[in-house]
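Colleague: I've got the model open at the bench. Can you walk me through a few spots on it?

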Amino acid sequence: MRPGFMSSVFPKQTLGELIGTAQRYGYEGIEFRVEWDHRHGIELDATEAQLQAARRMLADGGIVASCIATSVKFNSLDAADHLPQREALRKYIVLAAQIGAPVIRTFSDGLPEDAADRDRVLHLAAESYAAVDAWASEHGIVVLVETHTNMKGQWARQILDEAGATNLEVLWHTAHHLQRGQSVDEAYGYLRGHVRHVHFTAESAGKHVTDADNQRMFDLLARDGYRGFFSVEIINPEDPDGVLAHHIKKYHQYLGR
């Protein structure tokens, strides 16, 4: 298990400043939120030379590019809407490979409340993930579907099962399904063995996540040998230094250190 944070905590910091911040607070990875005009420079319009330089900076600083967090979304009832999203994902797969990030965050929410419409969205999402799977495999990248908004554990698992993709896994964010009444244990019953990245929100920063919820998440993942990141995702906080100081303390608390 490794601690990390998303660039959304410090959106105005350059890559060098983010690396320094990670080192200062004891974080090992940075998740780069793209498309939001953050100053890190890890974007589709970066040149190959710029990305090579960024990769060297990360390596020299001992910091991992833990994830590329995109806005790619497979949640439309119209199959035609999925095609440009697939193309965007293919481009981000190349970007992730260039910067050395092993995983990419995507969405397949919000899901329709109508069961028939929801099943159609899940089916189309599975088709889209399957369509890019060979490309992801070729570049050594794992694509993640996040348990975001109303994406509960069973529906994320349904996408994985139907897609049958070798490079598709889950980004587990407990706050969203907890808000909708699904416990940590219930969600993990569906997600076990498929969690590759975690968005981590300590109780003071989230209304729906308690210390007990986080402790249970850590315990379940530790039991199963999880080796990925717990990535702090707090967007544009008023006190970003306080956020990182608090979360690294809670991270070690949950690990029992």
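**Patch and strands**

Modeller: Sure, starting with Asp117, which sits in helix α4; helices (H or I, at least four residues) and strands (E, at least two) are DSSP runs, numbered from the N terminus. This is a predicted model, where local features need pLDDT of at least 70, side-chain atom pairs count only at pLDDT 80 or more, and totals for chains, interfaces and linings use all residues. Residues are numbered from 1 along each chain as its sequence is written, and side-chain values use heavy atoms, leaving out hydrogens and water.

Colleague: What is the relative accessible area of Asp117?

Modeller: Buried means under 20% relative accessible area, exposed over 50%, and partly exposed in between (1.4 Å probe, protein chains only). Asp117 counts as partly exposed because its relative accessible area is 31%.

Colleague: Is strand β5 buried or exposed?

Modeller: Take the two faces: Val142, Leu144 and Glu146 lie on one side, Val143 and Val145 on the other, and all are buried. In a regular strand the side chains alternate between the two faces of the sheet. With five of its five residues covered, β5 (residues 142–146) is largely enclosed by the rest of the structure, so the word is buried.

Colleague: Which residue in β5 is the bridge partner of Val103?

Modeller: Strands pair if DSSP finds at least two bridges between them. β4 and β5 run parallel and are joined by four bridges. In β5, the partner of Val103 is Val142.

Colleague: And in β4, which residue is the bridge partner of Lys73?

Modeller: Strand β3 (residues 64–73) pairs with β4 in the parallel sense, over three bridges. For Lys73, the partner in β4 is Phe107.
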